[in-house]
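Me: I would like to learn how to read a protein model feature by feature. Please take one feature at a time.

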Amino acid sequence: MTGIELRSVAFDDHAAIPRRHSGEGDDVSPPLTWSAVPDGTSELVLLCEDPDAPGGTFLHWLVTGIDPGSTGTTQGEPPPGGQEWPNGFGRTGWGGPMPPPGHGAHRYFFRLWAVSEPLPLHGRPTADAVHRAVQGRELASGTLVGTYQR
């Protein structure tokens, strides 16, 4: 399996996510770029999750149906062709980092998958449901990790 290069001009891999992208700031999604999407990709799927949340993995952003010919998205905008889903806050679209105060730095995993067919998701899928749906459909993936603490 090949790898997708996933990056952001807002923060480096394993570095702090700027406050403007958090729930304490402007709560706008960060700009992302990607490359090396393989031929035969039906669509791209973007997930941002916090595995350090006290109640279990928390879903911050889920976008499916992203145009496989796209190369990124701008700050505050969904990726081209993408359908945004409800996040763990109950809102559709991006929900920025907002870990409990004093809980230390949380990690935010941005995952981009190239899939061979659309994912069979319904209602309010969890991060775990997305991971299960990707199995057997994944052609390539890329990961970018940001951190945030209050």
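**Reading the model**

Reply: Start with a single residue: Asn 87 sits in the loop between β8 (83-84) and β9. The coordinates belong to a predicted model.

Me: Is Asn 87 buried or exposed?

Reply: The cut-off for buried is under 20% relative accessible area. Asn 87 has 1% relative accessibility and therefore counts as buried.

Me: Which residues is Asn 87 in contact with, leaving aside its neighbours within four places in sequence?

Reply: Contacts of this kind are Leu 59, His 60, Gly 93, Trp 94, Gly 95 and Arg 124.

Me: Now the whole chain. How many helices and strands does the secondary structure of the protein chain come to?

Reply: There are 10 strands and one helix. In sequence order the pattern reads β-β-β-β-β-β-β-β-β-α-β, so the helix comes between the ninth and tenth strands.

Me: How do I read the radius of gyration of the protein chain?

Reply: Set it against the value for a compact globule with the same number of residues. For 150 residues that value is near 15 Å, and the protein chain has 14 Å, which agrees. Along the principal axes, the C-alpha atoms fill a box of roughly 45 × 30 × 25 Å.

Me: What share of the residues of the protein chain count as buried, and what share of the contacts comes from residues 24 or more positions apart?

Reply: Of the 150 residues, 45% count as buried. Among contacts with a separation of 6 or more, 67% are between residues 24 or more positions apart.

Me: What does the protein chain expose?

Reply: The exposed area is about 6,900 Å², of which carbon and sulfur atoms supply 47%. As for charge, the chain has 10 positive and 17 negative charges, and their mean positions are 7 Å apart.

Me: Why look for a nonpolar core?

Reply: Nonpolar side chains tend to be buried together in soluble globular proteins. Here the largest nonpolar core has 21 residues, and those that touch the most other members are Leu 32, Trp 34, Phe 110 and Leu 112. Two or more residues each come from β4 (32-35), β5 (43-50), β6 (58-66), β9 (106-115) and β10 (138-148). The most, four residues, come from β9. A second, separate core has 13 residues, including Leu 62, Leu 119, Val 130 and Val 134.

Me: What does Trp 34 touch, not counting residues up to four places away in sequence?

Reply: Its partners include Leu 44, Ile 66 and Leu 112, and also Ile 4, Glu 5 and Leu 6. Ser 70, Thr 71, Gly 72, Thr 73 and Pro 79 touch Trp 34 as well.

Me: Which residues have a positive phi although they are not glycine?

Reply: One is His 14, with a phi of about 65°. His 14 lies in the loop between β2 (5-7) and β3 (15-16), and its relative accessible area is 55%, so His 14 is exposed. Another is Ala 36, with a phi of about 70°. Ala 36 is in the loop between β4 and β5; its relative accessible area is 45%, so Ala 36 is partly exposed.

Me: Where does Gly 56 lie?

Reply: Gly 56 is in the loop between β5 and β6. Its relative accessibility is 31%, so Gly 56 counts as partly exposed. Glu 117 is 61 residues away along the chain, and the C-alpha atoms of Gly 56 and Glu 117 are separated by 28 Å.

Definitions and conventions:
Residues are numbered from 1 along each chain as its sequence is written. This is a predicted model: local features need pLDDT of at least 70, side-chain atom pairs count only at pLDDT 80 or more; totals for chains, interfaces and linings use all residues. Side-chain values use heavy atoms; hydrogens and water are left out. The radius of gyration is taken over C-alpha atoms; the globule rule is 2.2 Å times the number of residues to the power 0.38. Buried means under 20% relative accessible area, exposed over 50%, partly exposed in between (1.4 Å probe, protein chains only). Contact means heavy atoms within 4.5 Å. Accessible areas come from the Shrake-Rupley method with a 1.4 Å probe; for residues, only the protein chains shown count as cover. Lys and Arg count as positive and Asp and Glu as negative; His and the chain ends are not counted. The place of a charge is taken as NZ of Lys, CZ of Arg, CG of Asp or CD of Glu. A nonpolar core is a set of buried Ala, Val, Leu, Ile, Met, Phe, Trp, Tyr and Cys residues joined through side-chain atoms within 4.5 Å.
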